[in-house]
Amino acid sequence: MMQTLQAVRGMNDILPDDAEAWEHFEDIVRDWLRSYGYRPIRMPIVEPTPLFKRAIGEVTDIVEKEMYSFEDALNGEHLTLRPEGTASCVRAAIQHKMLATGAQRLYYHGPMFRHERPQKGRYRQFHQIGVEALGFEGPDVDAEHILMCARLWDDLGLEDVRLELNSLGSSEERARHRAELIAYLSAHQERLDEDGKRRLHTNPLRILDTKNPDLQELVEAAPRLIDFLGEESLKHFDGVQALLKDAGIPYRINPRLVRGLDYYNRTVFEWVTTRLGAQGTVCAGGRYDGLIEQLGGKPAPAAGFAMGVERLLALWREGGGEIERALPDVYVVHFGDQAQRLAFRAAEALRGYGFAVLTHCGGGSFKSQMKKADASGAQLAVVIGDDEAAAGEVGLKPLRGPGGQQRVALEVLGDAVAGCLFTQEEEENDGSV
């Protein structure tokens, strides 16, 4: 027997009912981003592997364990399905000299890929909305990004989403902290797990973000990066906090918040919830001032954030979020060769008026077609038989509420449908009052 093929584990089909919810969410997001002046950019889903190794850091979970990397059999290039969007966006900005015309506010949306254990809200093909502000130096853009998120949560009606904030300072400040941290952890090396021992001299900051409960007491007592911040970094961090306080945005400073990507500096933040189990981060970001130069561009400041679509939709639905299914205005019923030809003309004419029209396909009796018309949720049925086709007319039958079938000429069908729909809407409004 032929093997039944299924989707790759952790890479899911999004079926029509769910896809309509996704489109509704994406419409909200596009309006929200436009209201802050952000413009769309679209990057390839496949990039050179060195891009992510250089940007994210070779001693990170993403690069070490999670990237889908392969060698192109046609030319030997080393390629990777993008695990995140910031590196790709910065690469595009450098390649096309986008900052030559000034600072850029950009956003993108699409699939990302990481080889993780699939679980609620976390999949091997997942979707992110990313926002990047390139060329902005002060704390104002950091605060703007956080305020943007707060407004989106309000637009979506999300509750139980809280903000955690930290500063990673400058590279020099992190270097001083790193030396102290290595010394402290080395003195307690016997208490580290295998992952911690492996990262002790390569990426000790990531040990502070461990989820191992046996290490919590150790990392709580570790030197805090925030205590190593100099005057400029503290001024920047205070500036972010002042703007958040002015806007009435509550937050918690979390000294152990370091993020999983090496390119961050200064402000980092996460929006977290307790309603999605262990995968509680729904949005995260921060400042990455050195990344543009690191990837070959002229030095320029930058900040951004990304949010997981699957997690946000799960949170929205868990809070009672629903959308109304999109229904056609008109269902066209027809029987006979001439009627079918007129049906297609009538449907196209109505679409030209802006109506959503579902034309019956696949044959069947008038009775079976009318059942399908009723089940479609359409307000009206356009009914065409041999008699109507011969006369160049169509029948117009309300499917919801009172009213009998009437015959109208094809030339006035658009106005007739508009009148019927208006009458039905008024009757529904009267009934609701």
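The exercises below work through a sheet, two helices and the nonpolar cores of one predicted model.

Residues are numbered from 1 along each chain as its sequence is written, and side-chain values use heavy atoms, with hydrogens and water left out. Because the model is predicted, local features need pLDDT of at least 70 and side-chain atom pairs count only at pLDDT 80 or more, whereas totals for chains, interfaces and linings use all residues.

**Exercise 1. Determine which strands β14 pairs with, and in what order the strands of its sheet lie.**

Helices (H or I, at least four residues) and strands (E, at least two) are DSSP runs, numbered from the N terminus, and two strands pair if DSSP finds at least two bridges between them. Strands of a sheet pair through backbone hydrogen bonds, either parallel or antiparallel.

Step 1: β12 (residues 330–334) is joined to β14 by five bridges and runs parallel to it, with Leu 380 of β14 as the bridge partner of Val 330.

Step 2: β15 (residues 393–398) is joined to β14 by four bridges in an antiparallel arrangement; here Val 383 is partnered by Gly 395, and Ala 381 by Lys 397.

Step 3: The resulting open sheet of five strands, with mixed pairing, has the order β13-β12-β14-β15-β16. Its edge strands, each pairing on one side only, are β13 (357–359) and β16 (406–409).

Step 4: From one strand to the next the twist averages 30 degrees, where axes are lines fitted to C-alpha atoms, for helices over the stretch in contact, and angles run from 0 to 180 degrees between N-to-C directions.

**Exercise 2. Establish whether the faces of β14 are covered or open, and which helices pack on the sheet.**

Step 1: Buried means under 20% relative accessible area, exposed over 50% and partly exposed in between (1.4 Å probe, protein chains only). By this criterion five of the five residues of β14 (residues 380–384) are buried.

Step 2: Leu 380, Val 382 and Ile 384 lie on one side and Ala 381 and Val 383 on the other, so that both faces are covered.

Step 3: Contact means heavy atoms within 4.5 Å. Helix α12 (residues 337–352) packs on the sheet by touching β12, β13, β14 and β15, its direction making about 165 degrees with that of β13.
Helix α13 (residues 366–375) also packs on the sheet, touching β12, β14 and β15, and its direction makes about 175 degrees with that of β12.

**Exercise 3. Check the span of helix α5 against its number of residues.**

Step 1: The expected span is 1.5 Å times one less than the number of residues.

Step 2: For the 18 residues of α5 (residues 139–156) this gives 26 Å, which agrees with the 26 Å between its end C-alpha atoms.

Step 3: Beyond the helix comes Gly 157, whose phi is positive, near 70 degrees.

**Exercise 4. Describe the largest nonpolar core and the surroundings of Tyr 288.**

Step 1: A nonpolar core is a set of buried Ala, Val, Leu, Ile, Met, Phe, Trp, Tyr and Cys residues joined through side-chain atoms within 4.5 Å.

Step 2: The largest has 45 residues, and Tyr 288 and Val 90 are among those with the most contacts inside it.

Step 3: Tyr 288 touches residues including Thr 86, Val 90, Leu 134 and Tyr 263, not counting residues up to four places away in sequence.
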